[in-house]
Amino acid sequence: MKACIMCGGEGTRLRPLTFERPKPCIPIANKPSIVHLVTHLANLGFTDIVLTIGYLGNDIQDALGDGSLYGANITYVPEEIKLGTAGSVKNAQKYLEDAPFLVVGGDHMTDLNLLEFYRDHMNSPAITSIGLISIEDPREFGIAEIDASLRIQRFREKPAPGEMFSNLASTGIYVCDPKIFEFIPENTKFDFAKDLFPLLMEKGYQLNGWLARGNWTDVGNPAMLRAAEKWILQEKTVTSVSGTLNIKDAHITGPVTLGDGVTLGSGSRIVGPVIVGSGVMIGENVIIGPYTSIGDNCVIKNNAKIFSSSIYNGVVVGSNTTISGSIIDVNTNMGDNCSIEHNTVVGPRSILQNNVTIHSGTRLWPEVIVKEGAIVKVHLLNPKFDSRFEGS
């Protein structure tokens, strides 16, 4: 079975995390998110995978290789110009036109039973089936109205107040018959939700909905990233150590996954689910709380506190510093007595001097320097990098 994964976007909504990596390569539980997705698809039997790539596509190829490590065979199709969602799939038509195929966004994290979705589509007369999931706030999604036979009656992208006739949001996961290629123009920006689906319905073709059950997110913003990591960590059930662990009078409450060469100081405590990478040095009287990931070669100094956060490779966390519900990008150096409030994103190679407070919901661009004692209430940009963080 074939799947097409769309990986062309720049991920501006996730800046500063996407200045130097494509969105599918953002770490979730210490692995690029695209690795989780490809592994899930291959385990379900979607072993013939086509990736459409654009922005920093070489990084995606480096992360996945030919796919054999994950039980898949991967073909890469570069996208020279932005073609939209349907246009990017059209660009890969020659690899997809022999049988119905699954379409997934490269920024998706899911444990949905997409094999069941594929089989349901194969047993229906629909030209396309759309994965739908009930959500609390559908304003940023396409929504669908279905009848008892699951046929879609109407579809609206990003509904305004008064237009929300359903809370069934499109997951952006589709099963498509190759006949759709007849309706997608070549070398033209063309989207599934905005352009193709209304056109197919106008021409009388049947579109079906598939009611999804399970976890799904498109990791479109930092909060979604944290939510995705939380449910990935929740799947951990055992404590494991890969290599050596140097521990003295400390406490580990599993499930905790520890890499090679981890040092855990006296009086420190880790309460899982937590993932700690290799070469991490954790000082004395440190507490690392549930739903936290710590990358390779990090240094967590004495009396630090980290709760429900993502700490990427090479980060230094100073003594008595507290990090809550935040994302700290690679090689950031944080001083002593800092407070990083929830939903903060700190870009790579930033320097936070001692006694810094970062208010919740704040983003720090790469390589910023926050002076000692500063209280940061607004985004800190760096003129060396683009200031936009809205869009795709």
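How many Å² does the accessible surface of the protein chain come to, and what percentage of that surface belongs to carbon and sulfur atoms? The accessible surface of the protein chain amounts to about 16300 Å², and 47% of this area belongs to carbon and sulfur atoms. The model shown is predicted.

**Figure 1. Overall view of the protein chain in the predicted model.** The secondary structure consists of six helices and 37 strands. The C-alpha trace extends over about 65 × 40 × 40 Å along its principal axes. The radius of gyration is 22 Å, which agrees with the value near 21 Å that a compact globule of 392 residues would have. Of the 392 residues, 52% are buried. Among contacts between residues at least 6 apart in sequence, 46% join residues at least 24 apart. The chain carries 33 positive and 41 negative side chains, and the centres of these two sets are separated by 4 Å.

**Figure 2. Close-up of Arg15 and the cis peptide bond to Pro16.** Arg15 is placed in the loop between β1 and β2, and Pro16 belongs to the loop between β1 and β2 as well. The peptide bond that links Arg15 to Pro16 is cis, with omega near 15°. Arg15 is buried because its relative accessible area is 5%, below the 20% cut-off. Apart from residues up to four places away in sequence, Arg15 touches Glu10, Arg363, Trp365, Asp386, Arg388 and Phe389.

**Figure 3. Close-up of Lys23 and its polar contact with Asp107.** Lys23 is located in the loop between β1 (2–7) and β2 (27–28). With a relative accessibility of 10%, Lys23 counts as buried. The side chains of Lys23 and Asp107 are joined by a polar contact of 3.0 Å.

**Figure 4. Close-up of Ala42 in helix α1.** The helix comprises residues 33–44. Ala42 has a relative accessibility of 11% and therefore counts as buried. Ala42 and Tyr70 are separated by 28 residues in sequence, whereas their C-alpha atoms lie 6.9 Å apart in space. Once neighbours within four places in sequence are set aside, the contacts of Ala42 are Thr47, Tyr70, Gly71 and Ala72.

**Figure 5. Close-up of Val219, a residue with positive phi.** Val219 is not a glycine, yet its phi is about 35°. The residue sits in the loop between β13 (216–217) and α6 (222–234). Val219 counts as buried because its relative accessibility is 2%.

**Figure 6. Close-up of Tyr291, a residue other than glycine with positive phi.** Phi of Tyr291 is near 65°. Tyr291 occupies the loop between β22 (287–288) and β23 (292–294). Its relative accessible area of 22% makes Tyr291 partly exposed.

**Figure 7. Close-up of Phe307 in strand β25 and of the cis peptide bond from Gly272 to Pro273.** The strand covers residues 305–307. At 30% relative accessibility, Phe307 is classed as partly exposed. Outside its neighbours within four places in sequence, Phe307 is in contact with Ile287, Gly289, Pro290, Thr292, Ile323, Ser324 and Gly325. From C-alpha to C-alpha, Phe307 and Gly272 are 11 Å apart in space, with a sequence separation of 35 residues. The peptide bond from Gly272 to Pro273 is cis and has omega near 10°. Pro273 lies in the loop between β19 (269–271) and β20 (274–276).

Methods. Residues numbered from 1 in each chain as written. Predicted model: local features only at pLDDT ≥ 70, side-chain atom pairs only at ≥ 80, totals over all residues. Heavy atoms only, no water. Helix = DSSP H or I, 4+ residues; strand = E, 2+ residues; numbered from the N terminus. Buried < 20%, exposed > 50% of the residue type's maximum accessible area, 1.4 Å probe, protein only. Polar contact = N/O pair within 3.5 Å; in protein donor to acceptor, adjacent residues only side chain to side chain. Contact = heavy atoms within 4.5 Å. Rg over C-alpha atoms; globule rule 2.2 N^0.38 Å. Areas by Shrake-Rupley, 256 points an atom, 1.4 Å probe, with all protein chains shown as cover. Lys, Arg positive; Asp, Glu negative; His and termini not counted. Charge placed at Lys NZ, Arg CZ, Asp CG, Glu CD.
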